[in-house]
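Visitor: Could you take me through this model and justify the words you use for it?

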There are 2 protein chains.
Amino acid sequence: MTPETRNGMLLRTIEWIPDRGGTLVPGRVRFIDQTLLPQELKFVETRSAQEMAEAIRALRVRGAPAIGIAGAMGAALAAQAAGGDAAAVLNALERAAENLQRTRPTAVNLAWALDRIRRRAREAAQAGVDAGDLKARVAAEATAIRDEDARMCRAIGEHGVHLLRDGCRVLTHCNAGSLATAEYGTALAPVYVARERGWNIHVFADETRPHLQGARLTAWELQANGVPVTLICDNMAAAAMRDKAVSAVLVGADRIAANGDVANKIGTYGLALLARSHRIPFYVLAPTSTFDSRTLSGADIPIEQRAGEEVVNIHGRSVAPPGVDVWAPIFDVTPAELVTAFVCERGILRPPFSESIRRVLS
Amino acid sequence: MTPETRNGMLLRTIEWIPDRGGTLVPGRVRFIDQTLLPQELKFVETRSAQEMAEAIRALRVRGAPAIGIAGAMGAALAAQAAGGDAAAVLNALERAAENLQRTRPTAVNLAWALDRIRRRAREAAQAGVDAGDLKARVAAEATAIRDEDARMCRAIGEHGVHLLRDGCRVLTHCNAGSLATAEYGTALAPVYVARERGWNIHVFADETRPHLQGARLTAWELQANGVPVTLICDNMAAAAMRDKAVSAVLVGADRIAANGDVANKIGTYGLALLARSHRIPFYVLAPTSTFDSRTLSGADIPIEQRAGEEVVNIHGRSVAPPGVDVWAPIFDVTPAELVTAFVCERGILRPPFSESIRRVLS
């Protein structure tokens with residue numbers, strides 16, 4: 001493992017690397033290919049917006065905040081590669097942004113980051129900057145999105161740690177950790193902040209079928225950071241809550257509607273029901289960019305379906321008979337009433353969520 | 001697939017094959033190696049009690065009723081192979097039974113079948129039969145256990161079909177189907193009986209980590225029998241209940257305590273909680289041999305832990321980082337209060353279960 005840590009934290013999931021000091025452009029994007037973890041830690045470097053889009057589609061970069069950063073950086077790469085004047089650069093960026101937007105429909109961070117970088121580019125073009133300046137400004141905007149994400153996650157951790165206590169056991173699903181963001185993660189941020197304080201927090205990590213992000217990524221990053229972690233199959237969560245004294249469930253979110261309904265990795269809804277049955281608090285941790293005030297409720301969130309092949313094929317071999325019908329939603333919607341509290345970079349949100357979400361977004 | 005069906009039903013999971021007609025001994029046991037499904041349908045034949053024990057331990061034969069049959073037939077093989085007089089044959093059978101009992105601690109059917117065959121052997125020895133007669137009697141007892149199981153499962157299906165209706169959708173976990181028994185299965189017996197009546201029952205099958213019996217076995221046997229089946233990951237069950245109009249959950253059991261607490265495949269407890277949250281009936285289907293009046297409650301049921309390696313290793317490759325801690329209970333206990341009804345070969349049992357179970361066992 002390359003010891004390239006910062007703040008005692010994990011490897012950087014995605015970052016913009018300038019070719020030389022003092023200027024962002026020309027530069028390249030470097031990211032961890034998460035499809036190869038935990039067997040291999042491989043950094044990919046690219047100057048291609050198309051390759052960035054492909055990396056998002058193929059889940060090489062995943063996790064809502066990281067996808068947003070990847071989208072913004074992908075758009076910046078497209079601008080950088082464009083020839084011609086500022087109008088041509090803007091045009092190339094717009095086309096790349098459309099392509100990047102199509103890679104993953106559910107995560108609101110991607111649309112949010114692409115909107116932001118497009119707005120920045122249009123403003124610059126309208127202000128009459130030249131092509132080189134426009135390229136530098138969008139690269140700066142993309143890196144700003146990354147740096148803000150790092151600060152936001154840290155703030156989520158600082159707020160969220162008040163929901164934990166030294167010695168407690170928490171359960172998490174999928175990967176809403178460092179690998180899903182620039183640093184610290186969302187759901188796991190309080191665990192990392194607690195660790196900095198010398199607390200002992202034990203994490204039960206659902207393996208998270210079908211893509212096994214919990215086994216591959218969450219177990220890997222917690223282990224790498226010295227946080228005690230126990231891996232379980234998804235179907236062991238109920239028994240862990242009852243028999244292993246789990247005191248809180250911490251999950252991230254891909255999109256949070258105005259009423260507090262949460263789209264997150266498939267299985268989250270079931271976990272929320274199980275937490276309620278065991279009277280365990282269920283916390284959703286996400287930056288405010290994940291809250292989408294234009295989405296009124298969970299019913300308005302498009303749920304991405306993946307190919308059944310991704311369920312039945314593990315390590316290149318099928319676990320099911322040929323031709324079997326598979327239902328493979330990759331997200332589900334957890335109704336707001338099952339959420340104990342949201343934690344964002346601005347604080348802890350309690351019910352009624354329609355009000356607390358509106359307040360925090362205004 | 002060998003078209004060796006009976007009653008239009010599945011391949012025989014396990015049976016005693018006499019070497020020649022008219023007499024059971026000498027004979028051999030033939031069983032499907034279920035660890036190779038769904039890729040390969042392989043029948044294993046053995047005359048070795050030790051190989052039978054190994055097959056149970058390695059899950060080549062699995063499912064509580066099938067394990068009971070395998071144990072009895074394994075003991076009969078040990079008797080058949082013994083030299084010397086009736087006392088020596090009885091002694092060999094007793095030692096083999098002890099060894100077979102140690103293979104799987106949770107399934108009560110194994111202890112039940114081994115007790116039964118030992119009792120039969122002791123009675124015969126006390127009655128003064130010779131070695132050859134003793135061998136024939138225990139082989140007959142083992143095949144009787146198989147035939148009774150087939151009749152019992154059919155009866156479970158006949159009773160259980162009253163809980164379903166044409167066109168309904170059910171959800172099942174693990175494999176409590178034909179492959180877990182001699183024929184028909186337990187949880188799936190009503191589905192097969194409904195199919196014989198021309199009903200259209202759609203089954204959602206949990207893949208059932210860590211051993212994927214739902215994907216490998218349940219999806220395979222339902223598909224082979226023309227029952228429409230949709231495979232899902234375990235963590236999709238809650239969403240399926242809500243979004244796919246599942247109207248009942250059907251599961252088997254490894255042991256049912258006197259108060260109605262149920263030990264079954266890990267994940268069953270969570271499913272029962274999710275069913276309650278969705279107001280979906282939760283049915284446990286098992287022969288009376290699975291009810292253990294000596295076990296007062298679920299707290300008295302030993303829960304088998306498997307090696308963490310079985311969770312992280314899929315198709316010979318690890319899905320988790322090296323050295324990660326894994327919690328791998330293979331069963332969980334569902335409290336009686338979450339069970340809507342039990343279905344056994346004698347009928348449908350409703351709460352209060354302490355009474356209805358006592359009545360059906362007396």
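Guide: What follows takes up a sheet, a helix and some cysteines in turn. This is a predicted model in which local features need pLDDT of at least 70, side-chain atom pairs count only at pLDDT 80 or more, and totals for chains, interfaces and linings use all residues. Residues are numbered from 1 along each chain as its sequence is written, chains are lettered from A and ligands numbered from 1 in the order in which they are written, and side-chain values use heavy atoms, with hydrogens and water left out.

Visitor: What makes strand E8 and strand E9 of chain A a pair?

Guide: Pairing requires that DSSP find at least two bridges between two strands, where a strand is a DSSP run of E with at least two residues, numbered from the N terminus. Strand E8 (residues 255-257) and strand E9 (residues 262-265) of chain A are joined by two bridges in the antiparallel sense, so they meet that definition. A:Ile256 has A:Val262 in E9(A) as its bridge partner.

Visitor: Why do strand E11 and strand E15 of chain A stand at the edges?

Guide: The open sheet has four strands in the order E11-E8-E9-E15 (chain A), with mixed pairing. Strands E11 (291-292) and E15 (331-334) of chain A each have a single partner strand, so one side of each lacks a neighbour in the sheet.

Visitor: How do you know that B:Cys344 is buried, and what keeps its sulfur from a bond?

Guide: Buried means under 20% relative accessible area (exposed is over 50%, partly exposed in between, with a 1.4 Å probe and protein chains only), and B:Cys344, at 0%, therefore counts as buried. A disulfide needs two cysteine sulfur atoms within 2.5 Å, whereas the closest cysteine sulfur to that of B:Cys344, in B:Cys153, is 12 Å away, too far for a bond.
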